[in-house]
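Please look over the sequence and the fold shown here before reading on.

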Amino acid sequence: MSKNGVWDLVELPEGAVAIGCKWVYKTKRDASGNVYHETFSPVSKKDSLRIIMALVAHMDLELHQMDVKTAFLNGDLDEEVYMKQPEGIS
């Protein structure tokens, strides 16, 4: 995260609220057992969406959209977010 420049260590401004966080240690491997060295979020393929949309139209169904809690991973924020440092940071 530090190499990607996604955060700066700053003092919490007066009136701001910091959200909590925690360390998650998990080694992700592909089908061959190789370790992934990147961070990613599962997303659907465009072809999958097209099939669903075609089925909805063909069968005259209703389609409802929902957001998932990992949707923020690839989004751009216009506001500043403050987080508490996780345990183990000195």
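The paragraphs below go from the overall architecture to the helix and then to the surface.

The model is a predicted one, and its secondary structure consists of one helix and two strands, arranged from the N terminus in the order β-α-β. Of the 90 residues in the protein, 4% are buried, while the accessible surface amounts to about 9,600 Å², with 54% of that area belonging to carbon and sulfur atoms. Where contacts join residues at least 6 apart in sequence, 65% of them link residues at least 24 apart.

The helix α1 covers residues 46–58. Its 13 residues should span 18 Å at 1.5 Å a residue, and because the end C-alpha atoms of α1 are indeed 18 Å apart, the two values agree. Within α1, Arg 50 and Asp 47 are three residues apart, about one turn of the helix, and these two residues form a salt bridge in which the closest N and O atoms are 3.6 Å apart. In general, an α-helix has 3.6 residues a turn, so residues three or four places apart point the same way. Both Arg 50 and Asp 47 are exposed, and the count of salt bridges comes to one. Just after α1, Asp 60 adopts a positive phi of about 55°.

On the surface, Ile 19, Leu 77, Val 81 and Met 83 make up a nonpolar patch, whose accessible area together is about 400 Å². Val 81 belongs to the loop between α1 and β2 (82–83), and Val 81 counts as partly exposed because its relative accessibility is 47%, which falls between the limits of 20% for buried and 50% for exposed.

Note on methods
Residues numbered from 1 in each chain as written. Predicted model: local features only at pLDDT ≥ 70, side-chain atom pairs only at ≥ 80, totals over all residues. Heavy atoms only, no water. Salt bridge = Lys/Arg side-chain N within 4 Å of Asp/Glu carboxyl O. Helix = DSSP H or I, 4+ residues; strand = E, 2+ residues; numbered from the N terminus. Buried < 20%, exposed > 50% of the residue type's maximum accessible area, 1.4 Å probe, protein only. Expected span 1.5 Å × (residues − 1). Patch = residues over 30% accessible without salt bridge, like charges linked within 9 Å, V, L, I, M, F, W, Y side chains within 5 Å. Areas by Shrake-Rupley, 256 points an atom, 1.4 Å probe, with all protein chains shown as cover. Contact = heavy atoms within 4.5 Å.
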